[in-house]
Amino acid sequence: MSAGLAVDLGLALLALAMAGWVIAARTARAAAIGFVAYGFLLGLGSVRLGTLDVALTEASMGGLTGLLLLAAVGRLGAGGAGERERPGAGLRAAVAGACALVSAGIAWVVLALPEPGPSLAPQAAAELPGLGLGNPVTAALLAYRSLDTMLEKVVVLASLIGVWSLAADRGWGGRPGGVPPARPDDALVFLARELPPIGVVVAVYLLWNGSDEPGGAFAAAVVLAAMWLLARMAGLVDAPLVSARRLRAVLVAGPLAFFAVGLAGPLWAGGFLAYPDGLAKPIIVAVEVAMTLSVAAALALLVEGPPARDGAP
C-alpha cells in the first residue's frame, strides 16, 4: 500500500468515525463540535481529490454552520433544552436501515456508471478561452449554471429574512444579538484589531483570484463575515439596525446585480444570463464583488440571530 493510499484510507475512516460521533453524541454541544470537525475532514478530503474550490467552501461553511449550531445550542441551553433526547431502539433501527438502503443505492449508482463516465467537461473547457476565465469552477458557476448560482444567493437572503421573522414585535427593526461586552478580554481585543485587516486582504485576494485560481465570492464572503464576527465578539462594534437602508441595500446588491445581468443577457448576447463576447470576465467579476458583500453581510447577520434590541446602542 502506498503512502498516499494509506492517507486517503485513514482520512475516509476518520470522516466516517466523526460522522458516527455526531450521530451518537449525548449532548447537542458535542454533536455541534463534532460537526465542525467533520466539515474540516471533508475539506481535507477535497484537497486530496484536487478540488480546492470545494475544499475552501467545505471548510468555511463547515465552520460557519458549526458556529450557528453552537449559538443555537447556547440559546437552547439557556432554556433547559441543551441535552439531546435519545430516541427509542425502534426508531434508531429504522433510521439505520434507511441510511443503509440509501448508502447502498448511492454505491450501486456510482458503480453502475459507464467507464469512462459521461461528461460535458471537454465542451465546457473548450469555451473557457471565450469567457476569459482560467478557473473552470468559476466558469461553471457563473456561466454554465449561473441560474443555480443566482438562486443560491437568493436562498441565503431568504434564510436571513426567515431568521428575522422570528423576532418579537418589540424587537423588529432593532439590533440582533447581545450587547457588546463592557470589558472585553484584552487578548480577544488584540486579535480583533490585528486580524481583520489581514482578513480583508485575504478576502480580496480570494475574490480577485477566483476567476483564474481556487477562490471566489463565497470563500471571500465567509472570511469577511468571520472578521466582522471577531470584532463583534471583542465588543469593538455593535450589530447594525436591521431597518437601516444601507444594510438592506448591501444585502440585496448581489442578487439584484446578478438578476440585472441576466435581464441584459437577451439584449447583448441573445439569452438570459448570457455574456457578450470579450466582456464576460469583467461582468462576472463585478457580479462577484456585489455577491461577496451581500453574502458576507447575510452570513454575519445569520449568526447574530433575529433582532432583539431597540435602536439604542
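## Reading a helix pair and the cavity beside it

Modeller: The secondary structure of this protein comes to 11 helices and 2 strands. The model is a predicted one.

Colleague: In what order do the elements run from the N terminus on?

Modeller: The order is α-α-α-α-α-α-α-β-α-α-α-α-β. As for overall dimensions, the C-alpha trace spans about 55 × 50 × 35 Å along its principal axes.

Colleague: How should one read the packing of two helices, and at what angle do α7 and α11 pack?

Modeller: One begins with the angle and the distance between the axes. Helix α7, residues 146–164, packs against helix α11, residues 280–304, at an angle of about 30°, and their axes are 10 Å apart. Because angles under 35 degrees count as roughly parallel, α7 is roughly parallel to α11.

Colleague: Is the crossing of α7 and α11 left-handed or right-handed?

Modeller: The two helices cross in a left-handed sense.

Colleague: Which residues make the contact?

Modeller: Helix α7 contributes Lys153, Val156, Ser159, Leu160, Val163 and Trp164. From α11 come Met291, Val295, Ala298, Leu301 and Leu302. Sorted by class, this contact has 9 nonpolar residues, 1 polar and 1 charged.

Colleague: Turning to internal space, how many cavities of 30 Å³ or more does a search of the whole structure find?

Modeller: A cavity is a space where a 1.4 Å probe fits but cannot get out. In this model the search finds 1 cavity of 30 Å³ or more, and the largest cavity has a volume of about 40 Å³.

Colleague: Which residues line the largest cavity?

Modeller: The lining consists of Lys153, Val156, Leu157, Leu251, Pro255, Ser294, Val295 and Ala298. The elements giving two or more residues to this lining are α7, α10 (245–268) and α11. Among the lining residues, Lys153 and Val156 also belong to the α7 side of the helix contact. Likewise, Val295 and Ala298 line the cavity and take part in the contact from α11.

Colleague: How does the lining of the largest cavity divide into nonpolar, polar and charged residues?

Modeller: The division is 6 nonpolar, 1 polar and 1 charged.

Colleague: As a last exercise, consider a single residue. In which helix does alanine 30 lie, and what are the residues of that helix?

Modeller: Alanine 30 lies in helix α2, which covers residues 28–48. To read its surroundings, one sets aside the neighbours within four places in sequence; alanine 30 is then in contact with Trp21 and Ala25.

Colleague: What separation do the C-alpha atoms of alanine 30 and glycine 177 have?

Modeller: These C-alpha atoms are separated by 23 Å, and the two residues are 147 residues apart along the chain.

Methods. Residues are numbered from 1 along each chain as its sequence is written. This is a predicted model: local features need pLDDT of at least 70, side-chain atom pairs count only at pLDDT 80 or more; totals for chains, interfaces and linings use all residues. Side-chain values use heavy atoms; hydrogens and water are left out. Axes are lines fitted to C-alpha atoms, for helices over the stretch in contact, and angles run from 0 to 180 degrees between N-to-C directions. Helices (H or I, at least four residues) and strands (E, at least two) are DSSP runs, numbered from the N terminus. Angles under 35 degrees count as roughly parallel, over 145 as roughly antiparallel, 65 to 115 as roughly perpendicular and the rest as oblique. A crossing is left-handed if the near helix is turned anticlockwise from the far one by less than a right angle, and right-handed if clockwise. Contact means heavy atoms within 4.5 Å. Ala, Val, Leu, Ile, Met, Phe, Trp, Tyr, Cys and Pro count as nonpolar, Asp, Glu, Lys and Arg as charged, and the others, Gly among them, as polar. On a 1 Å grid over the protein atoms alone, a cavity is a set of points where a 1.4 Å probe fits but cannot get out, and a pocket is an open set with protein on both sides within 12 Å along at least five of seven lines; lining residues have an atom within 4 Å of a point. Grid points are joined across faces, edges and corners, and a volume is the space filled by probe spheres set on the points.
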